[in-house]
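Colleague: I'd like to learn how to read a few features in this structure. Could you walk me through them, one at a time?

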Amino acid sequence: MTDNTTATRKLDPVTFEVLRRGFDYACERMSQVLQKASFSPIIYDMVDFSSAVFDPDVELIGQTANCPVHIAAMHYSARASLAKFPRETLADGDVVILNDPYLGGTHTPDVTLTTPIYFEGDLIGYAVSRAHWTDVGQTMDSHIAGEGFRLPPVKLASAGVLNRDLMDIIKNGTRTPQYVEGDVQAQLASLWACRDEMRRLAQRYGVDVMREGMREILDYTQRRTQKAIEQIPDGVYYGEDYIDSDGYSEEPVRIKVKLEVSGDRIHVDMTGSDKQCLGPINSPLANTVSAIYYSLKFFLDPQAPANAGMYRQIDFTVPEGSWLNPIWPAPTLGCTTAASSKVTGGIWSAIATAIPDRSVASTYADANWFTASVIDPATDENHVFSDLPAGGWGGTPFNDGMHVTMDPLGNCQNLPAETAEMLFPLRYNSFQMIEDSAGAGRYRGGAGVRMEVEFIGTGQIITMESSRTREGSPGTNGGGAGSRQKQLRRKKDGSLETVGGLDDDGNWLPQMLGGIHFKAGESFVFESGGGGGWGDPFTRDAELVAEDVRNEVVSRARAESDYGVVLTDDLRVDAEATRAARAAH
């Protein structure tokens, strides 16, 4: 590795670190303001948003740990906004809005706002806020026009004054006008919070020192990334994954990944992945590239500052016309929640062959995002809400996988039952971990969850993206797979009907749902998957297996069949029987 940056460093370590944290803090302030001021539960409770600050060259220099799948994609949307409104034409307080997946967006509900930041006439950066709005009129469709309003770069505000005509158009295009203007105002306020913090830094250190800090921070992350890549043996490594279907065909949609490691660079090649689909799982390039970066970040010095310095060492090839780089008008609604998880799955399976001692087993590997509506029988008001049923993460070389945790694509949270029941005519009847859902292993996966939401009024699932319904999340290094995911309807008589995944007779139903109607008193039941296991289950500490049985993570029968651990009637390890069972394995 040739280090051509150290010799040009100008800042002392203290100034460097204060500036680095200052850029991150500006984003933290953005997120605090947005979360506290927003109107939509998917923003203030579920934390489906991201905040970032870019240098004058639109390079990421600071972010908050919100949705990783948003961050690199925001490069593309900010640059698309500036291509329409060049920097020399933008004034203080101008804000450009965009949600077009083909111009740097992800899926249509993710709406990005970009504003320049000036200090005494000098451009010192850009504040960018991306938030998932509850509804932009989206449905499951084979054409992106069916996925709600799609905004090209357009001025939302000029010199801080909101474009009322545009705001009225936006409110007319959503099922939740009571939320959207409050969310817009919250995003605007978050931009102004970032602007204020960046100006404080400029006031304290001066524009020249601040710009030098930006440059050195990018160089620092680049150097750390180079060193991390050099720890991976040179070679070519292959991985793959798939989504169960696109909702229109019953055929799986596959991703193929080739990782080529050479010195201090990685090339990610997705040639051979399936062509773009009729159904709404296609991933625009910005989303795919963002997923590539965050998937590798787990293994390339996770503690290094998260900025565009990492991107310099990663090359990618994503063929145009594939489902990971589609051509308009392919629908993209499931790109963040389904496609990006498969990018992670494919990359992680390739990484597992390169550095098996550091690899991790697959998570349940889908955000499982759904949007539903329900009519209040008392008022006839139609409500729209979203949720993200989480699942188990995979085992690692050091520890068991986490239970019921959001997929790596986001640091989002599920919708709290208390919030849902307060705002909507719903009843959350169940949210419980599923016994035997975790993949067996020396370090087992985390458990999935069974969630049941009762519609008090007439309701429907508007959209639902999921996968892992054909097979559970795979293990690694000899670990077992997690459980399959499943979607069901509980009728008023208590009987269950499978609407997505494998039914009791072994028939498989497409897992991408849309327009599934529920009568008042019926429930939507979602069973999320567990994470894959790491390592041979028969080498797991028998006492840990017994503890899992006592905690109802693993059943007594599966403890014996999957781990070779025999328990007494009081659920203690029968040491002699266990030795015999494991010896016979």
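Colleague: Let's start in the sheet. Which residue is the bridge partner of arginine 489 in S21?

Modeller: One caution before that: this is a predicted model. The partner in S21 is phenylalanine 524. On its S18 side, arginine 489 stands opposite glutamate 497.

Colleague: How many bridges join S17 to S21, and which way do they run?

Modeller: Five bridges join S17 to S21, residues 523-527, and the two run antiparallel. Another pair to look at there is arginine 490, opposite serine 523 in S21. S17 also pairs with S18, residues 496-502, in the antiparallel sense, over four bridges.

Colleague: What connects S17 and S18?

Modeller: They form a hairpin with five residues between them. In the turn, glycine 494 has a positive phi of about 95°.

Colleague: Now the whole sheet. What is the strand order?

Modeller: Read it as S14-S15-S21-S17-S18-S19, an open sheet of six strands with antiparallel pairing. The edges are S14 (426-433) and S19 (508-509), each of which pairs on one side only. At the S14 end, S14 and S15 pair over seven bridges in the antiparallel sense, with serine 430 opposite glutamate 452 in S15. S15 in turn pairs with S21 over five bridges, again antiparallel; there arginine 450 stands opposite glutamate 527.

Colleague: And how do I judge whether a strand is enclosed?

Modeller: Start with the general idea: side chains in a regular strand alternate between the two faces of the sheet. Then count the buried residues, those under 20% relative accessible area. In S17, four of the five residues are buried, so the strand is largely enclosed by the rest of the structure. S15, residues 449-455, has six of its seven residues buried, so this strand is largely enclosed too.

Colleague: Let's try a loop residue. Is serine 466 buried or exposed?

Modeller: Serine 466 counts as buried, with 0% relative accessibility. You'll find this residue in the loop between S16 (459-464) and S17 (486-490). The side chain of serine 466 makes a polar contact of 3.1 Å with that of asparagine 368. Leaving out residues up to four places away in sequence, serine 466 touches several others, including Ile243, Asp366, Met512 and Phe526.

Colleague: On to helices. Which residues of H10 are buried?

Modeller: The general idea is that an α-helix has 3.6 residues a turn, so residues three or four places apart point the same way. In H10, residues 542-550, the buried ones are Ala542, Val545, Ala546, Asp548 and Val549. They cover an arc of only 160° around the axis, which puts them on the same side of H10. That buried set packs against H11 (556-563) and H12 (575-583).

Colleague: What caps the N-terminal end of H10?

Modeller: Aspartate 541 does, with a side-chain oxygen 2.8 Å from the backbone nitrogen of glutamate 543. After the helix comes glutamate 552, with a positive phi near 65°.

Colleague: Last one: at what angle do the axes of H1 and H6 cross?

Modeller: The axes of H1 (residues 13-37) and H6 (residues 207-230) cross at roughly 85° and come within 9 Å. That makes H1 roughly perpendicular to H6. Among the residues making the contact are Phe16, Leu19 and Phe23 of H1, and Met210, Gly213 and Ile217 of H6.

Methods
Residues are numbered from 1 along each chain as its sequence is written. This is a predicted model: local features need pLDDT of at least 70, side-chain atom pairs count only at pLDDT 80 or more; totals for chains, interfaces and linings use all residues. Side-chain values use heavy atoms; hydrogens and water are left out. Buried means under 20% relative accessible area, exposed over 50%, partly exposed in between (1.4 Å probe, protein chains only). The arc is that of the directions from the helix axis to the C-beta atoms. Contact means heavy atoms within 4.5 Å. A polar contact is a pair of N or O atoms within 3.5 Å; within protein, one must be able to donate a hydrogen and the other to accept it, and residues adjacent in sequence count only if both atoms are side-chain atoms. Two strands pair if DSSP finds at least two bridges between them. Axes are lines fitted to C-alpha atoms, for helices over the stretch in contact, and angles run from 0 to 180 degrees between N-to-C directions. Angles under 35 degrees count as roughly parallel, over 145 as roughly antiparallel, 65 to 115 as roughly perpendicular and the rest as oblique.
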